[in-house]
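Colleague: Before accepting the terms used for the ligand site, I should like to hear the reasoning behind each of them. Please take them in turn.

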Amino acid sequence: MGFVIAVDGPAASGKGTVASRLATLHSLPFLDTGSLYRAVAVAVLRAGADPATPPRPARPARALDPATIDENAIRSAEAGEAASLAPAHAEVRAALLALQREFAAQPTGAVLDGRDIGTVIAPEAGAKLFVTASPEVRAERRWRQHVGRGEPLTLADVLDDIRRRDERDAGRGAAPMRMADDAVLLDTSELTIEQAVDAARRIVEAARARWTG
Ligand code: DC
């Protein structure tokens, strides 16, 4: 297996930005695994079904083609909320597991970001980061993104949503969000994007120097 970089963390922690920049720096393919769960949630919502009710969400999860994901639709607040409900079902996770593991197993190596990359999807990853920030900082970042998309949400609503999702992501029985024992914690609360990327780059360089393949 090539060099895999696993980037986990809660919503709006900066993990996506950090992960995609690391992928560019190391010329590695990149998978935002949250987009898979979001795409499943959008498919469930479009079918008029309830993402919280098993086993319906498992069907779109099995049928998911990552090439057809509607990037705009999956970034809405509604999709994010629904996306944190569907993955609580072991069936949905099982349906998306092979796809993610295959991506991680590419001979080139890969970068994946999500909630359970370092613990479940790629426990053998050469570098593991757990990117976090305070709920208030994350809410402000996410709120700006939603306002930029023309979604009229209040900061207080987004903070409530972030807290609810943290609880759900960390509290579920199936592959809960958890920092892997061998991951390095990166708190981006007080960092600019460039500072966060720089700190991540140094963490990965140190891990790569130790990596034996
Ligand atoms: O990272 P994100 O906000 O796009 O993720 C949306 C939801 O998908 C998140 O609330 C939980 C779920 N998710 C997951 O359960 N496991 C992952 N590896 C990635 C995301």
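**The ligand and its pocket**

Modeller: Helix 2 provides the largest share of the shell around the ligand, four residues. The model is a predicted one.

Colleague: Which residues are the closest in that shell, and what makes a residue count as near?

Modeller: Arg38, Arg115, Asp116, Arg165 and Arg172 are the closest of the 15 residues that surround the ligand. Nearness requires a heavy atom within 4 Å of the ligand, so these residues qualify.

Colleague: Why is the approach of Arg172 to the ligand called a polar contact?

Modeller: A polar side-chain atom of Arg172 lies 2.9 Å from an oxygen atom of the ligand. The limit for a pair of N or O atoms is 3.5 Å, therefore the pair counts. Lys15 has a side-chain N or O atom 3.2 Å from a ligand oxygen, and for Thr33 the distance to a ligand nitrogen is 3.0 Å. Both values are within 3.5 Å, so these pairs count too. The protein buries 98% of the 450 Å² that the ligand exposes when taken alone.

Colleague: What makes the ligand an occupant of the largest pocket?

Modeller: The ligand sits in the largest pocket, which means that more than half of its atoms lie within 2 Å of the pocket's grid points. About 750 Å³ of space lies in this pocket.

Colleague: How is the lining of the largest pocket divided by class?

Modeller: The lining has 14 charged, 13 polar and nine nonpolar residues. For the shell around the ligand, the division is eight charged, four polar and three nonpolar.

Notes: Residues are numbered from 1 along each chain as its sequence is written. This is a predicted model: local features need pLDDT of at least 70, side-chain atom pairs count only at pLDDT 80 or more; totals for chains, interfaces and linings use all residues. Side-chain values use heavy atoms; hydrogens and water are left out. On a 1 Å grid over the protein atoms alone, a cavity is a set of points where a 1.4 Å probe fits but cannot get out, and a pocket is an open set with protein on both sides within 12 Å along at least five of seven lines; lining residues have an atom within 4 Å of a point. Grid points are joined across faces, edges and corners, and a volume is the space filled by probe spheres set on the points. Ala, Val, Leu, Ile, Met, Phe, Trp, Tyr, Cys and Pro count as nonpolar, Asp, Glu, Lys and Arg as charged, and the others, Gly among them, as polar. A polar contact is a pair of N or O atoms within 3.5 Å; within protein, one must be able to donate a hydrogen and the other to accept it, and residues adjacent in sequence count only if both atoms are side-chain atoms. Accessible areas come from the Shrake-Rupley method with a 1.4 Å probe; for residues, only the protein chains shown count as cover. Helices (H or I, at least four residues) and strands (E, at least two) are DSSP runs, numbered from the N terminus.
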